[in-house]
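I set down here what I looked up in this structure, entry by entry.

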Amino acid sequence: MALPPNPAFTAPHVNDPMVPQPYRIAGRREENYDTFTLELVPLGDEEPHGFRPGQFNMLYLFGIGEVPISISGDPARPELLAHTVRALGTVTTAMKELKVGDVVGLRGPYGSSWPFEALQRQDVIIVAGGIGLAPLRPLIHHLLSERRRYGRLVLLYGARTPGDLLFQKQLAKWDEKTALEVHLTVDRGTVAWRGNVGVVTTLIPRVQFDVSHASAVICGPEIMMRYSALELEKRGMARDQIYVSQERNMKCAVGFCGHCQFGPHFVCKDGPVFPFSLVAPLMKVREV
Amino acid sequence: MVTRDLSRSLAQHAFFRGMDEKHLVFLAGCAKNVLFDQGTFIFREGEKAGVFYLLRYGQVALEVHGPRKGQIRFQSLHEDDVLGWSWLFPPYTWHFDARALSLVRAFAFDGVCVREKCDADHELGYQLMSRFAEVMVGRLQAARLQCLDLYGAPA
Ligand SMILES: Cc1cc2nc3c(=O)[nH]c(=O)nc-3n(C[C@H](O)[C@H](O)[C@H](O)COP(=O)(O)OP(=O)(O)OC[C@H]3O[C@@H](n4cnc5c(N)ncnc54)[C@H](O)[C@@H]3O)c2cc1C
Ligand code: FES
């Protein structure tokens, strides 16, 4: 009887969700001293994958490792997949050295998205902290592309210092030219900084919205998200009007390995975007 | 008459929301309207702290300076915020600099006058101090989060 071929010697199937596809760096921008944006295009002539705002890709730096990175570009232009990366550890620091023309592996897009259908006709309060603006940027592009479907749009964005604020030119343009109110704040200001100083939570009591027709989306470090949600709750928002994007260590990104487990949820598959009502009780559990 | 007009304006300020009219009239005797042009210092670290302000318009930065660090802005205050509580306790000196980042309009309260009125009327004292306590707790909580360097740390 003929035996099936030894799996170790078969070529990986290109549609295997675990196999990264080669992507070329078509554009690269320094956002600030530790953060940069890579624009990726497929090396072959495959059609670009569309993505939903809030989803992420696994980016593989050959021989070094693979990391989950949210897509930070405009969903209307999926042919140029932007990823904004903060150099923190082994893989992301090595990624900072990449140049236009270099090739990385990419698989995805994965995960849940910001619930823009549920946001329709609502005032939308977008709260971002640090690198957390990157996963929210595709949502902002999308909301602005269908501006008439939404009520008041407010972005509250906090960073350590004025130099840490991402996408500064775009923020200024959005504030001036679109009906998106942009409020920036930093932890430490310089004399040249004329904006707000204080954590992003301190902006929440000052913004106007109609709480009975409002939702909030929050992305940033977990402590910041918890306290931002608390301030929104003080303003009368219910937990199911609030959405957060969770981060956990990941390996497979497709719900096999359990690395990203968060209570009963897998962040890679059930998240990263969750209704706050679902994850708030888990955020208080230290062991999760 | 002027005091009564001022007490009506005070009643519009978020800090005094829900306060009895008789207390507002009493406090209005210690208050006046003030203006600061953009860039001027409202007070400086080490100066005598004899007043507090309720901001009505504009933005104020709290700053501290140090060698090689220059001027560090650690908080901004806005319409409806309270500025200053060093008038409350000895040694009655300002701990930081406060600078107007825009044209600022405010109510200024004479600290000695307010302290005397609170001593004379404990109900007024309680009403005022519970408002200050709420503001202070809010600022302390925000300052704690700011100390955590939230955005710098990994998620
Ligand atoms: C769904 C999802 C979306 C994400 N989107 C983005 C995104 O858009 N942009 C982005 O920049 N990041 C994003 N991240 C986070 C990103 O995946 C991680 O920063 C990345 O995996 C870190 O990998 P690394 O190999 O560079 O760091 P590692 O070497 O694995 O280090 C991991 C963490 O440990 C810390 N660390 C490393 N070495 C030390 C040390 N010696 N001492 C103390 N601490 C240390 C680092 O600060 C780092 O945070 C996302 C994560 C998830 C789950
Ligand atoms: S990363 Fe493997 S299950 Fe989520």
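The entries below go from conventions to the fold of one chain, then to salt bridges and a single residue.

**Conventions.** I worked from a predicted model, in which local features need pLDDT of at least 70, side-chain atom pairs count only at pLDDT 80 or more, and totals for chains, interfaces and linings use all residues. Residues are numbered from 1 along each chain as its sequence is written, chains are lettered from A and ligands numbered from 1 in the order in which they are written, and side-chain values use heavy atoms, with hydrogens and water left out.

**Chain A, overall.** I looked up the secondary structure and found five helices and 15 strands in chain A; helices (H or I, at least four residues) and strands (E, at least two) are DSSP runs, numbered from the N terminus. I then checked the radius of gyration, which is taken over C-alpha atoms, against the globule rule of 2.2 Å times the number of residues to the power 0.38. For 288 residues a compact globule would come near 19 Å, and the 20 Å of chain A agrees with this. Along the principal axes, the C-alpha atoms of chain A fill a box of roughly 75 × 40 × 35 Å.

**Burial, contacts and surface.** I used three classes of relative accessible area: buried is under 20%, exposed is over 50%, and partly exposed is in between (1.4 Å probe, protein chains only). Of the 288 residues in chain A, 52% are buried. I took a contact as heavy atoms within 4.5 Å. Among contacts in chain A with a separation of 6 or more, 69% are between residues 24 or more positions apart. I noted an exposed area of about 13,200 Å² for chain A, 54% of it from carbon and sulfur atoms; accessible areas come from the Shrake-Rupley method with a 1.4 Å probe, and for residues only the protein chains shown count as cover.

**Salt bridges.** I defined a salt bridge as a side-chain nitrogen of Lys or Arg within 4 Å of a carboxyl oxygen of Asp or Glu. Over all chains I obtained 17 salt bridges by this rule.

I examined the pair Asp149(B) and Arg160(A), whose N to O distance is 2.8 Å. Asp149(B) lies in the segment after α4 (122-147) of chain B and Arg160(A) in the loop between β8 (153-159) and α3 (168-177) of chain A, so this salt bridge joins two chains. Asp149(B) is partly exposed at 23%, and Arg160(A) is partly exposed at 22%.

I next examined Glu63(B) and Arg99(B), which form a salt bridge at 3.0 Å, N to O. This pair links distant parts of the chain, from strand β4 (residues 60-66) to strand β7 (residues 97-100) of chain B, 36 residues apart. Glu63(B) is buried at 0%, and Arg99(B) is buried at 15%.

I also recorded the salt bridge between Asp270(A) and Lys269(A), at 3.7 Å, N to O. Asp270(A) is partly exposed at 31%, and Lys269(A) is partly exposed at 47%. Finally, I found Arg29(A), Glu31(A) and Glu39(A) linked in a network of salt bridges.

**Val127(A).** I located Val127(A) in strand β7 (residues 123-129) of chain A, where Val127(A) is buried at 0% relative accessible area. Leaving out residues up to four places away in sequence, I found that Val127(A) touches Leu136(A), Leu156(A), Val200(A), Val217(A), Ile218(A), Cys219(A), Met224(A) and Ser228(A). Pro115(A) is 12 residues from Val127(A) along the chain, and their C-alpha atoms are separated by 15 Å.
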